[in-house]
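Colleague: I'm new to this one and would like a close look at a single part of it. Could you take me through the largest pocket and then show me what sits around it?

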Amino acid sequence: MNLVPLIELTRGGTRECLHFGAVAVVNKRQQLLAQAGDPHWLTFSRSTLKALQALPFMQAGGAAKFGFSNRQIALLCASHNGEDSHVAQVQGMLDKAGLSRKALRCGCHVPGIFTQLETAPPPGLVYDERHNNCSGKHAGFLAYCVQHGLSLDDYLDPLHPLQQAIRRDVARAVGLTPQDFRMGIDGCSAPNYAMPLNALAYGYARLASGALDDEFGESFAALSEAMTAHPEMVSGQGRNDLAFMQAGRGDWVTKVGADGVQVVASKSRGEAFAIKIIDANKPALFATSVEVLEQLGWLDGAQREALRPWRAQTLVNARGLSVGERLPVFKLQSP
(Lines give C-alpha, C1' and ligand atoms only; values in the text may rest on other atoms or scores of the structure.)
Protein backbone atom coordinates (compact mmCIF):
# COMPACT_ATOMS: atom_id res chain seq x y z
CA MET A 1 0.00 0.00 0.00
CA ASN A 2 3.08 2.23 0.16
CA LEU A 3 2.26 3.31 3.69
CA VAL A 4 5.10 3.45 6.19
CA PRO A 5 5.37 2.97 9.95
CA LEU A 6 4.97 6.36 11.61
CA ILE A 7 4.48 5.68 15.31
CA GLU A 8 5.54 2.68 17.40
CA LEU A 9 4.28 1.75 20.86
CA THR A 10 6.36 -0.41 23.17
CA ARG A 11 5.48 -1.94 26.52
CA GLY A 12 8.25 -3.34 28.68
CA GLY A 13 10.63 -2.81 25.78
CA THR A 14 8.59 -4.99 23.41
CA ARG A 15 6.76 -3.59 20.41
CA GLU A 16 3.01 -3.69 20.97
CA CYS A 17 1.55 -1.46 18.22
CA LEU A 18 2.73 -0.01 14.95
CA HIS A 19 0.71 2.74 13.25
CA PHE A 20 1.12 3.15 9.49
CA GLY A 21 0.34 6.16 7.36
CA ALA A 22 1.62 8.78 4.97
CA VAL A 23 2.69 12.45 5.07
CA ALA A 24 2.88 15.06 2.31
CA VAL A 25 4.56 18.47 2.70
CA VAL A 26 3.65 20.99 -0.02
CA ASN A 27 4.13 24.70 -0.63
CA LYS A 28 1.74 27.27 -2.07
CA ARG A 29 3.29 26.77 -5.53
CA GLN A 30 2.08 23.14 -5.44
CA GLN A 31 5.60 21.78 -5.04
CA LEU A 32 6.05 18.60 -3.01
CA LEU A 33 8.80 19.37 -0.50
CA ALA A 34 8.96 16.23 1.64
CA GLN A 35 7.14 13.00 2.24
CA ALA A 36 6.83 9.84 4.28
CA GLY A 37 5.13 6.99 2.49
CA ASP A 38 2.93 7.80 -0.47
CA PRO A 39 2.32 11.59 -0.62
CA HIS A 40 -0.43 10.97 -3.19
CA TRP A 41 -2.35 8.60 -0.91
CA LEU A 42 -6.07 8.98 -1.60
CA THR A 43 -7.94 9.87 1.57
CA PHE A 44 -11.23 11.39 2.55
CA SER A 45 -10.59 14.90 3.78
CA ARG A 46 -13.31 14.72 6.43
CA SER A 47 -13.46 17.85 8.62
CA THR A 48 -10.23 19.28 7.24
CA LEU A 49 -12.43 20.19 4.26
CA LYS A 50 -14.56 22.70 6.19
CA ALA A 51 -12.43 25.78 5.57
CA LEU A 52 -12.57 25.02 1.83
CA GLN A 53 -16.30 24.21 1.89
CA ALA A 54 -16.83 27.80 3.08
CA LEU A 55 -15.38 29.25 -0.13
CA PRO A 56 -18.61 29.76 -2.13
CA PHE A 57 -20.17 31.60 0.82
CA MET A 58 -17.10 33.79 1.36
CA GLN A 59 -16.54 34.42 -2.36
CA ALA A 60 -20.13 35.63 -2.70
CA GLY A 61 -19.66 38.13 0.13
CA GLY A 62 -21.95 36.15 2.44
CA ALA A 63 -20.07 36.90 5.64
CA ALA A 64 -20.34 40.65 5.02
CA LYS A 65 -23.95 40.47 3.86
CA PHE A 66 -25.11 38.71 7.02
CA GLY A 67 -22.69 40.52 9.33
CA PHE A 68 -20.93 37.38 10.54
CA SER A 69 -18.30 38.16 13.17
CA ASN A 70 -14.80 36.69 13.09
CA ARG A 71 -15.91 34.11 15.66
CA GLN A 72 -18.75 33.10 13.38
CA ILE A 73 -16.44 32.89 10.36
CA ALA A 74 -14.21 30.59 12.44
CA LEU A 75 -17.27 28.45 13.16
CA LEU A 76 -17.73 27.89 9.41
CA CYS A 77 -14.51 25.85 9.68
CA ALA A 78 -15.21 24.23 13.05
CA SER A 79 -15.63 20.81 14.59
CA HIS A 80 -16.68 22.41 17.84
CA ASN A 81 -17.37 20.99 21.29
CA GLY A 82 -20.96 22.17 21.54
CA GLU A 83 -20.02 24.43 24.46
CA ASP A 84 -22.42 27.23 25.39
CA SER A 85 -20.25 29.75 23.52
CA HIS A 86 -20.42 27.65 20.35
CA VAL A 87 -24.17 27.18 20.53
CA ALA A 88 -24.73 30.89 21.12
CA GLN A 89 -22.66 31.85 18.08
CA VAL A 90 -24.40 29.28 15.86
CA GLN A 91 -27.77 30.61 17.00
CA GLY A 92 -26.53 34.09 16.14
CA MET A 93 -25.62 32.91 12.63
CA LEU A 94 -29.08 31.40 12.16
CA ASP A 95 -30.73 34.57 13.49
CA LYS A 96 -28.84 36.70 10.99
CA ALA A 97 -30.04 34.43 8.18
CA GLY A 98 -33.61 34.55 9.51
CA LEU A 99 -33.73 30.83 10.22
CA SER A 100 -34.62 28.42 13.01
CA ARG A 101 -32.35 25.67 14.27
CA LYS A 102 -34.87 23.28 12.74
CA ALA A 103 -33.48 24.17 9.31
CA LEU A 104 -30.20 22.44 10.21
CA ARG A 105 -29.82 19.00 8.63
CA CYS A 106 -26.61 17.98 10.39
CA GLY A 107 -28.32 15.71 12.89
CA CYS A 108 -27.95 15.65 16.64
CA HIS A 109 -25.35 14.03 18.91
CA VAL A 110 -24.08 14.34 22.48
CA PRO A 111 -21.94 17.52 22.62
CA GLY A 112 -18.25 16.96 21.98
CA ILE A 113 -17.32 18.57 25.29
CA PHE A 114 -18.35 15.21 26.75
CA THR A 115 -17.56 12.69 24.02
CA GLN A 116 -14.26 14.22 22.87
CA LEU A 117 -13.00 14.67 26.43
CA GLU A 118 -14.45 11.35 27.58
CA THR A 119 -16.50 12.78 30.44
CA ALA A 120 -20.00 11.76 31.40
CA PRO A 121 -22.78 14.19 30.42
CA PRO A 122 -24.93 15.40 33.32
CA PRO A 123 -28.25 13.62 33.87
CA GLY A 124 -31.08 15.14 31.87
CA LEU A 125 -28.78 16.96 29.45
CA VAL A 126 -30.79 18.60 26.67
CA TYR A 127 -29.12 19.19 23.32
CA ASP A 128 -30.13 19.74 19.71
CA GLU A 129 -28.69 20.24 16.21
CA ARG A 130 -26.83 23.40 17.26
CA HIS A 131 -24.64 21.22 19.52
CA ASN A 132 -23.55 19.11 16.54
CA ASN A 133 -19.84 19.71 15.95
CA CYS A 134 -20.60 20.70 12.33
CA SER A 135 -23.46 23.12 13.04
CA GLY A 136 -21.38 26.21 12.22
CA LYS A 137 -20.58 24.84 8.77
CA HIS A 138 -24.25 24.03 8.23
CA ALA A 139 -25.35 27.49 9.37
CA GLY A 140 -23.06 28.86 6.66
CA PHE A 141 -24.53 26.46 4.12
CA LEU A 142 -28.03 27.69 4.98
CA ALA A 143 -27.01 31.34 4.85
CA TYR A 144 -25.64 30.81 1.34
CA CYS A 145 -28.97 29.32 0.31
CA VAL A 146 -30.88 32.26 1.76
CA GLN A 147 -28.55 34.70 0.00
CA HIS A 148 -29.08 33.01 -3.37
CA GLY A 149 -32.73 32.07 -3.01
CA LEU A 150 -32.03 28.34 -3.01
CA SER A 151 -34.11 25.58 -1.47
CA LEU A 152 -33.31 24.74 2.14
CA ASP A 153 -34.71 21.26 2.73
CA ASP A 154 -32.31 19.57 0.30
CA TYR A 155 -29.21 21.73 0.76
CA LEU A 156 -27.08 18.61 1.40
CA ASP A 157 -28.04 16.86 -1.81
CA PRO A 158 -24.89 16.48 -3.94
CA LEU A 159 -26.81 17.92 -6.90
CA HIS A 160 -28.00 21.01 -5.00
CA PRO A 161 -26.49 24.24 -6.43
CA LEU A 162 -24.72 24.87 -3.10
CA GLN A 163 -22.98 21.50 -3.13
CA GLN A 164 -22.09 21.89 -6.78
CA ALA A 165 -20.51 25.28 -6.00
CA ILE A 166 -18.58 23.73 -3.10
CA ARG A 167 -17.29 20.90 -5.28
CA ARG A 168 -16.20 23.45 -7.92
CA ASP A 169 -14.37 25.74 -5.49
CA VAL A 170 -12.75 22.96 -3.47
CA ALA A 171 -11.38 21.47 -6.68
CA ARG A 172 -9.95 24.82 -7.71
CA ALA A 173 -8.40 25.31 -4.28
CA VAL A 174 -6.59 21.96 -4.26
CA GLY A 175 -5.49 22.00 -7.88
CA LEU A 176 -7.85 19.29 -9.15
CA THR A 177 -11.02 19.13 -11.24
CA PRO A 178 -14.43 18.24 -9.79
CA GLN A 179 -14.29 15.00 -11.76
CA ASP A 180 -11.09 14.01 -9.93
CA PHE A 181 -12.90 13.65 -6.61
CA ARG A 182 -14.40 10.53 -5.13
CA MET A 183 -17.43 11.47 -3.08
CA GLY A 184 -18.75 10.05 0.17
CA ILE A 185 -21.18 11.27 2.81
CA ASP A 186 -19.70 12.65 6.03
CA GLY A 187 -20.96 12.14 9.56
CA CYS A 188 -23.00 15.35 9.34
CA SER A 189 -24.66 14.12 6.10
CA ALA A 190 -22.80 16.61 3.86
CA PRO A 191 -20.89 15.41 0.78
CA ASN A 192 -17.19 14.90 1.47
CA TYR A 193 -14.37 14.30 -0.98
CA ALA A 194 -11.43 11.96 -1.16
CA MET A 195 -8.28 13.46 -2.66
CA PRO A 196 -4.53 12.84 -2.66
CA LEU A 197 -2.74 13.99 0.50
CA ASN A 198 -0.53 16.37 -1.47
CA ALA A 199 -3.62 18.07 -2.94
CA LEU A 200 -5.13 18.56 0.51
CA ALA A 201 -1.84 20.01 1.78
CA TYR A 202 -1.69 22.34 -1.22
CA GLY A 203 -5.16 23.67 -0.43
CA TYR A 204 -4.06 24.51 3.10
CA ALA A 205 -0.80 26.09 1.95
CA ARG A 206 -2.96 28.44 -0.13
CA LEU A 207 -5.40 28.97 2.74
CA ALA A 208 -2.53 30.00 5.02
CA SER A 209 -1.14 32.32 2.34
CA GLY A 210 -4.29 34.40 2.67
CA ALA A 211 -4.33 37.62 0.67
CA LEU A 212 -1.26 36.52 -1.32
CA ASP A 213 -3.36 33.92 -3.13
CA ASP A 214 -4.28 35.20 -6.60
CA GLU A 215 -7.63 33.40 -6.82
CA PHE A 216 -9.14 33.20 -3.32
CA GLY A 217 -7.00 35.76 -1.49
CA GLU A 218 -9.71 37.76 0.27
CA SER A 219 -11.65 34.67 1.31
CA PHE A 220 -8.56 32.74 2.39
CA ALA A 221 -7.36 35.72 4.43
CA ALA A 222 -10.70 36.05 6.25
CA LEU A 223 -10.96 32.31 6.96
CA SER A 224 -7.37 31.74 8.09
CA GLU A 225 -7.30 34.89 10.21
CA ALA A 226 -10.57 33.96 11.90
CA MET A 227 -9.32 30.44 12.63
CA THR A 228 -6.05 31.60 14.19
CA ALA A 229 -7.65 34.50 16.08
CA HIS A 230 -10.40 32.28 17.52
CA PRO A 231 -9.15 28.69 17.69
CA GLU A 232 -11.50 28.14 20.63
CA MET A 233 -14.32 28.40 18.11
CA VAL A 234 -12.72 25.91 15.73
CA SER A 235 -12.66 23.18 18.38
CA GLY A 236 -12.85 24.01 22.09
CA GLN A 237 -11.55 23.05 25.50
CA GLY A 238 -8.96 20.29 25.55
CA ARG A 239 -8.89 19.89 21.77
CA ASN A 240 -6.02 19.56 19.35
CA ASP A 241 -6.90 22.39 16.95
CA LEU A 242 -7.06 24.85 19.84
CA ALA A 243 -3.75 23.71 21.33
CA PHE A 244 -1.88 23.68 18.03
CA MET A 245 -3.09 27.08 16.85
CA GLN A 246 -2.34 28.61 20.25
CA ALA A 247 1.17 27.14 20.08
CA GLY A 248 1.51 28.50 16.54
CA ARG A 249 0.97 32.08 17.78
CA GLY A 250 -1.11 33.07 14.79
CA ASP A 251 1.14 31.41 12.19
CA TRP A 252 -0.27 27.88 12.08
CA VAL A 253 -3.65 27.11 10.53
CA THR A 254 -4.64 23.57 11.45
CA LYS A 255 -7.62 21.27 11.29
CA VAL A 256 -8.12 17.69 12.38
CA GLY A 257 -10.50 15.39 10.54
CA ALA A 258 -12.10 12.16 11.69
CA ASP A 259 -10.42 8.82 11.06
CA GLY A 260 -6.81 9.90 11.20
CA VAL A 261 -6.46 13.07 9.11
CA GLN A 262 -4.74 16.32 10.06
CA VAL A 263 -3.45 19.29 8.08
CA VAL A 264 -1.15 22.00 9.47
CA ALA A 265 -0.13 25.08 7.46
CA SER A 266 2.26 27.95 8.15
CA LYS A 267 1.30 31.45 7.04
CA SER A 268 4.87 32.74 7.13
CA ARG A 269 6.27 29.83 5.14
CA GLY A 270 3.45 29.30 2.66
CA GLU A 271 3.73 25.58 3.35
CA ALA A 272 1.49 22.86 4.75
CA PHE A 273 1.57 19.17 5.57
CA ALA A 274 -1.21 16.61 5.49
CA ILE A 275 -1.19 13.33 7.41
CA LYS A 276 -3.26 10.17 7.20
CA ILE A 277 -3.01 7.48 9.88
CA ILE A 278 -4.55 4.43 8.26
CA ASP A 279 -5.96 2.90 11.47
CA ALA A 280 -7.32 6.34 12.59
CA ASN A 281 -5.54 6.21 15.97
CA LYS A 282 -5.77 9.74 17.42
CA PRO A 283 -2.72 9.68 19.74
CA ALA A 284 -0.63 8.37 16.84
CA LEU A 285 -1.96 11.12 14.58
CA PHE A 286 -1.15 13.87 17.07
CA ALA A 287 2.28 12.42 17.82
CA THR A 288 3.00 12.29 14.10
CA SER A 289 1.93 15.93 13.68
CA VAL A 290 4.32 17.08 16.40
CA GLU A 291 7.15 15.01 14.94
CA VAL A 292 6.59 16.49 11.47
CA LEU A 293 6.70 19.97 12.98
CA GLU A 294 9.95 18.96 14.68
CA GLN A 295 11.55 17.55 11.54
CA LEU A 296 10.52 20.57 9.47
CA GLY A 297 12.13 22.90 12.00
CA TRP A 298 8.91 24.75 12.78
CA LEU A 299 9.23 24.39 16.56
CA ASP A 300 11.02 26.61 19.04
CA GLY A 301 11.58 25.60 22.66
CA ALA A 302 8.34 27.07 23.98
CA GLN A 303 6.28 25.46 21.21
CA ARG A 304 7.98 22.13 21.78
CA GLU A 305 7.02 22.28 25.43
CA ALA A 306 3.45 23.39 24.71
CA LEU A 307 2.92 20.43 22.39
CA ARG A 308 4.61 17.89 24.65
CA PRO A 309 1.26 16.42 25.82
CA TRP A 310 0.29 15.81 22.20
CA ARG A 311 3.49 13.94 21.51
CA ALA A 312 2.58 11.69 24.47
CA GLN A 313 5.85 9.78 24.42
CA THR A 314 5.42 8.09 27.79
CA LEU A 315 2.55 5.66 28.28
CA VAL A 316 1.07 6.03 31.76
CA ASN A 317 -1.45 3.68 33.36
CA ALA A 318 -4.33 4.45 35.72
CA ARG A 319 -1.98 4.53 38.72
CA GLY A 320 0.34 7.00 37.05
CA LEU A 321 3.04 4.42 36.38
CA SER A 322 5.18 4.67 33.28
CA VAL A 323 4.55 1.44 31.36
CA GLY A 324 5.78 2.08 27.83
CA GLU A 325 6.65 4.54 25.08
CA ARG A 326 5.05 6.06 21.98
CA LEU A 327 7.83 7.02 19.57
CA PRO A 328 8.13 8.22 15.96
CA VAL A 329 9.88 5.77 13.64
CA PHE A 330 9.90 7.79 10.38
CA LYS A 331 12.08 10.35 8.69
CA LEU A 332 10.76 12.78 6.11
CA GLN A 333 12.36 12.24 2.72
CA SER A 334 12.87 14.52 -0.25
CA PRO A 335 10.61 13.61 -3.18
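Modeller: The largest pocket has a volume of about 750 Å³, in what is, keep in mind, a predicted model. Its lining counts 29 residues, and the closest to the centre are Gln116, Arg239, Val256, Lys282 and Phe286. If you want to find the walls by element, look for helix 6 (112-115), helix 12 (240-247), strand 7 and helix 13 (282-296), which each give two or more residues to the lining. By class, the lining splits into 13 polar, nine nonpolar and seven charged residues.

Let's stay with strand 7 for a bit, since it is one of those wall elements. The strand runs over residues 252-257, and Thr254 lies in it. Is Thr254 buried or exposed? Its relative accessibility is 0%, so Thr254 counts as buried. The side chain of Thr254 has a couple of polar partners you can pick out. One is the side chain of Gln262, joined to that of Thr254 by a polar contact of 3.2 Å. Another is the backbone oxygen of Val263, which the Thr254 side chain reaches at 2.9 Å. Leaving aside residues up to four places away in sequence, Thr254 touches Gln262, Val263 and Val264, along with Met227, Asp241, Phe244 and Met245.

Follow the chain on from strand 7 and you get to a loop that leads to strand 8 (261-266), with Asp259 in it. Asp259 has a phi near 60 degrees, a positive value in a residue other than glycine. Its relative accessible area is 43%, so Asp259 counts as partly exposed. There is another residue of this kind to look up: Ala312, with a positive phi near 45 degrees. Ala312 is found in the loop between helix 15 (308-311) and strand 10 (314-316). Ala312 has a relative accessible area of 22%, so it is partly exposed too, given that buried means under 20%.

Now for enclosed space. How many cavities of 30 Å³ or more does the structure hold? There is one, and about 70 Å³ of space lies in it. The residues lining that cavity are Gln53, Ala54, Pro56, Phe57, Leu76, Lys137, Gly140, Phe141, Tyr144 and Leu162. Two or more of the lining residues come from each of helix 2 (55-59) and helix 7 (135-148), and helix 7 provides the largest share, four residues. Here the classes come out as seven nonpolar, two polar and one charged.

Helix 7 also turns up next to helix 5, where it is among the elements that cover the buried residues, together with helix 4 (70-76) and helix 11 (231-234). Those buried residues of helix 5 are His86, Val87, Val90, Gly92, Met93 and Leu94. You can check the length of helix 5 yourself: it has 13 residues (84-96), which at 1.5 Å a residue should span 18 Å, and its end C-alpha atoms are 18 Å apart, so the two agree. Just after helix 5, Gly98 takes a positive phi of about 70 degrees.

One last stop is Ala34, in strand 3 (residues 32-36). With a relative accessibility of 10%, Ala34 counts as buried. Apart from residues up to four places away in sequence, Ala34 touches Val23, Ala24, Val25, Leu332, Gln333 and Pro335.

Methods
Residues numbered from 1 in each chain as written. Predicted model: local features only at pLDDT ≥ 70, side-chain atom pairs only at ≥ 80, totals over all residues. Heavy atoms only, no water. 1 Å grid on protein atoms, 1.4 Å probe; cavity = no way out; pocket = protein on both sides within 12 Å on 5 of 7 lines; lining within 4 Å. Points joined across faces, edges and corners; volume = space filled by probe spheres on them. Nonpolar A, V, L, I, M, F, W, Y, C, P; charged D, E, K, R; others polar. Buried < 20%, exposed > 50% of the residue type's maximum accessible area, 1.4 Å probe, protein only. Polar contact = N/O pair within 3.5 Å; in protein donor to acceptor, adjacent residues only side chain to side chain. Contact = heavy atoms within 4.5 Å. Expected span 1.5 Å × (residues − 1).
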